[in-house]
Amino acid sequence: MSENIVEVKNLKKYFPIKSGVFKKTTGQVKAVDDVSFSIKKGRVLGVVGESGCGKSTLGRTMLKLLDPTEGQVTFAGKNVYGMSRRELKNLRTQMQIIFQDPYSSLNPRLPVYEIVGEAMLQHGIVKSKKEMMDKVVEIIGKCGLFPEQASRYPHQFSGGQRQRICIARALAVNPEFIVCDEAVSALDVSIQSQIINLLKDAQDDFGLTYLFISHDLSVVKFISDDVAVMYIGQIVEKGPKKQIFNNPLHPYTEALLSAVPSFDLSLKATKKRIILKGDIPSPAKPPSGCRFHTRCPYAHDVCKTDVPEYREVESEHFAMCHKVNGVF
Amino acid sequence: MEKLLEVKNLKTYFYSERGVVKAADDVSFYVNKGETLGIVGESGCGKSITSMSIARLVETPPGKYVGGEILLNGEDMLKVSDERIRQIRGNDISYIFQEPMTSLNPVFKIGRQISESLMLHRGMSQKEAYKESIKMLELVKIPNPERVVDDYPFALSGGMRQRAMIAMALACEPKLLVADEPTTALDVTIQAQVLDLMNELKEKIDASIMFITHDLGVISEMCDRVMVMYAGKVVEVATTEDIFKNPRHPYTIGLIASKPDMSTKSSRLHVIPGNVPDLNNLPAGCPFSTRCSHVMDKCKTAFPEEVVLDGQHRIACYLYTEGGSKQ
Amino acid sequence: MTNSSIYENKKTGNVRKERSYWGDVVHRLRKNRMAMVSLVVLVIIIGLCVIIPAVSPYSIEGTNMEKQYRDQAPSSTHLLGTDKIGRDLFTRLFYAGRISLGVALAVVALECTIGIVLGSLAGFYGGIIDTIVMRVADVFLSFPFMMICITISSVLGNSIPTLILVLALLSWPSIARIVRGQILTLREMEYMEACEALGISDVKRIFKHLLPNVLAYVIVYATLGMASVILTETSLSFLGLGVSPPTPSWGNMIQEARDIIVIKSKWWYWIPPGISIFVSVMCFNILGDGLRDAIDPKMKR
Amino acid sequence: MKNYIIRRILQMIPVMLGILLILFIILEMAPGTPASNMMNPKATPEQKAELIEKLGLNRPWHERFISWIGEALKGNLGYSITHKKPVTAVMKDYMGATLLLSIVSLAISVLLGVPIGIISATKQYSFADNALTVFSLIGISIPSFFFGLLLLKNFAVDVQLFPLFGLENPLLFNPTFWEKFKDISWHLVLPSIVLGLGSTASFMRYTRSSMLEVIKQDYIRTARAKGLKEKVVIYRHAFRNAAIPIITLLGFQIPALLSGAVITESIFGLPGLGKITIEATLTRNYPLILGINAMLAFLTLLGALVADILYAVADPRIRYD
């Protein structure tokens, strides 16, 4: 259980900003800016953050769907960015991704068995079309769909069922690691719970490791073992779920947790809400020093100038804050 | 308590080639003066159509107000002239919509969009309206209102645009504010700011609020009473405390249990089986009968009469009618 | 996995008939009465153009200078009369249809081929290839169309193959733009990303996932393109710069109307080809609109 | 905004050069040498050699291409031997009719097409909308030369309401300005209808679909929720947004109108660029052909540029880029 399946070291992903007469690169959107972490096999790392914090870019860059600007990702001991074509092809069966939008993530022109089975044929997991069909029926069955639905087309399914197809497609190649990029965010509450349970079941059955990206803290709290909080391209706090939720260190985490509306009435009385001032700064022009200083209720002068150290404050519990580091 | 708005048996249907969609089917509720009523439900439950019907904003065709009454201070919104409903819109009833990115006209400056209502309903001159717009932007705590008033919507962030929408809606001091998922598109910390602002404004202004959302957490923070809708029908109405402490309708119970909350402890979520129904193809009787674990034969034939428990807890379910197991 | 996940989805609501994407498009198109009528009319026109010249007793270009055969008004032997050199106009009308429709079909096929190839290259690879292709497309789009047709046909002479080549060369940029735009949109779709994540090969990604999706728009454009090419070809032929006599085209048949006597009192010379052009162009336009609505039902409420 | 315009102008240059290059190559492919095509066949070999020397026709084509561009930048597009005038002077003589016809038709089609499109969109699926939709379909489907002949037959031949031919009545002696204006207008009625029909229909269809798209937007609902009159909602809030894509169509319509003008001029015997181009091709007057094509290409690019600038003015998102 303690073996790291994925390790991310100093990962950076910048997007150029082009402007002016000749569309010269005049700046960079630092979507992911020097991020390091690791995930242990069989665990779920939840990544939370608000829009523009780079959480989706992080997931895509880790799978080499986007080319990194700098840094390293190792999967099962191998450097993902230094792989040959053949190794990369092999990697594709081991790392998978499930997207947010159940409508744009399925090709409308292909029936379910093609969508789910295509990659199995591509990678030689099945040898014949016949074998593929059997396998597809088995997998979609596990995901809660009926065999006869294999020959239907995406538009004949509801959002929740489409997400089941996406999960089946990812599971079809027997992956070890799946990035769930806002996989349940677009779904209705009653459907969301079905899919969350399905993801949990799949994890138990196949011993999967997840990177679970979401803006919804209650969902992340439910499904994750560890949680990383991102703010403008950086991980500002990471640790075991319990510590993050019960004893948040970073002021941003604290504010984020307090901002989630809860319907637990007993909690309501005791909870004090921290309202942050101002808007989320753009990752194209991140604030100097600590990026949170423009909105932080505790900000000192040092926060405006010096970047805080990302430090293991307690065992396995990291944070990036001058206040936590005892600078003031 | 005085009722500001009373909706009786509202039926808003849509007619298309595929058949009739009963988006709001026999919907009845009221909003008291100064009260916030929450309407909660999943996509396609009819909460938005119900709220749009209040000021007759549903496009006809394809929509049609088939029946019912919408009484605002005793005046039936469905019967008044087009001229009169335009006087009411923006003046007595205003709206805040979900998408701050698309709900403001991209080619007009913020100030102009706020001024428009003021000039129309308050008879202000352009200059007065401009000044008043700045004041409104100040009221919703937009920094540098003098500058923002001359900005185009694209120059503002989502949160700021939603504040501008609120300023626009409140400009003419409406009696009823209809907020349709006003914070759904916003980030959590920005949502907290906007909800905080709305709670603060509630004290300042003398308006009732209809708050439409799918987020149970937001409902519990904002509303006095809650109405739960499913497939065009009202299934339960109660005070916010009652709904969360003592939900009665199987759908409400399932909905609350299936939403992971910050305090959820169990390792599996409760699940309502099946899918959100297709409004083109509803089952006979209670629309929830296909997913309900307490389903009885009579559920499949007719929609139950409403039952009132504890004075004001309204439920539409055979479990609570005569002969029902929980009666 | 546990049984519960299966149970959760047991009640799947209404079971719709299985219909593929294209099945759905055809189904929607069939419900569009105007489009279906146009399709039928087009089939009839094309059928007549194929059959009439083949079964007609009169030859296409053979003249008959004897007085009783020349310049005749319509009669039971010559349904649309004869022209000044004794050719049966009814037969010529449908032979001209073969030429006009045939030229249009060839042009559309050629321009679509060029457009799809260049548009896909630009869209799929982007970067410098994209810039070059799109600049060249700009050049071709900015030509004063009619003038350049006139110039080229005068320089290279107006044979039918040249005409086809010139029209195709001048019209591929629109289709290239559509294809490129579609590919750029599709590349952003999450299912294309999913393909990459699944390690699906480039060839499969292009031919199985990208092109079929682009094809729908190409078909719409090609149908509308038929309409505009027929108009252009007949206009050029009318000006004497397209198909040149004795080969008939609906356009050059109308040239006869430049004679004041013909325009005044001999309708059978020029009204039938005019109506033929009008009806076929209209039908292609309606069919194209119908296809677009059927393919992209969001556009229509 | 400034950057945007500068960038657009810079983009125009390679496109214009490309057009000229292709034109040059096409004319190079013409049978015969450039010289033989442009001089009196009876000229003696000495005269020929002299002329070839004088016109620099013995130089390789790319050198001539570059020097042509150099001269063009100075405003010299060459010499038309047939007219015994510089190309620019010939073009000036014939440009008036074409521009007049195109501008009148463009004005008609915008002033008619856009309002009709709006009405059609606001009354979607009504009788009026269906009728207008059919009308616009006819408008884009009827071949203009056929339509022109039909008009001629009905209104100039059978009923002699309008003149059959030309731009001016040659019999008018010493007309006053007013008489001349009336005369020209009268001559332009049928040609403008013919040329305007197609683009009116295009503007209609485009406006209709653009308006339908905009009317579905959330901000239209917002405008209605404010209590604004439907007229204000449609003509102020919706149209202001729908106009943005219509402006692009304006740019595209310019080459289409110029092409259409060639056909219309030919039917109605108007002394315009279309007529002169056809004549020039018959006499193989290449400097003139090159000049006219270059000029029209330039106008087309200019039109597109103006449309893009207007687009930026109409859309604050681009204006503040």
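**Close-ups of the chain B sheet and a look at chain C**

**View 1. Strands β10 and β12 of chain B side by side.** In this predicted model, β10 (residues 233-239) and β12 (residues 313-315) of chain B make an antiparallel pair held over two bridges. Want a spot to zoom in on? B:Val237 sits opposite B:Arg314 in β12(B). As a reminder, strands of a sheet pair through backbone hydrogen bonds, either parallel or antiparallel.

**View 2. The whole eight-stranded sheet of chain B.** Pull back and that pair turns out to belong to an open sheet of eight strands with mixed pairing. Reading across chain B, the order goes β6-β7-β8-β3-β9-β10-β12-β11. The edges are β6 (93-96) and β11 (307-309) of chain B, each with pairing on one side only. From one strand to the next, the twist averages 20°.

**View 3. Helices α1 and α7 of chain B against the sheet.** Helix α1 (residues 47-54) of chain B packs on the sheet, where its contacts are β3 (36-40), β6, β7 (176-180), β8 (208-213) and β9 (225-230) of chain B. The direction of α1 is about 150° from that of β8(B). Helix α7 (residues 188-204) of chain B lies across β3, β6, β7 and β8 of chain B, and runs at about 160° to β8(B).

**View 4. Chain C and its low-confidence stretch.** Mean pLDDT for chain C is 83, with 89% of its residues at 70 or more. Go easy on residues 1-16 of chain C, though: pLDDT there is below 50, and the stretch still has 45 contacts in the model beyond near neighbours in sequence. For the complex, the predictor gives an ipTM of 0.84 and a pTM of 0.86.

Definitions and conventions. Residues are numbered from 1 along each chain as its sequence is written. Chains are lettered from A and ligands numbered from 1 in the order in which they are written. This is a predicted model: local features need pLDDT of at least 70, side-chain atom pairs count only at pLDDT 80 or more; totals for chains, interfaces and linings use all residues. Side-chain values use heavy atoms; hydrogens and water are left out. Two strands pair if DSSP finds at least two bridges between them. Helices (H or I, at least four residues) and strands (E, at least two) are DSSP runs, numbered from the N terminus. Axes are lines fitted to C-alpha atoms, for helices over the stretch in contact, and angles run from 0 to 180 degrees between N-to-C directions. Contact means heavy atoms within 4.5 Å. pLDDT is the predictor's confidence in each residue, from 0 to 100.
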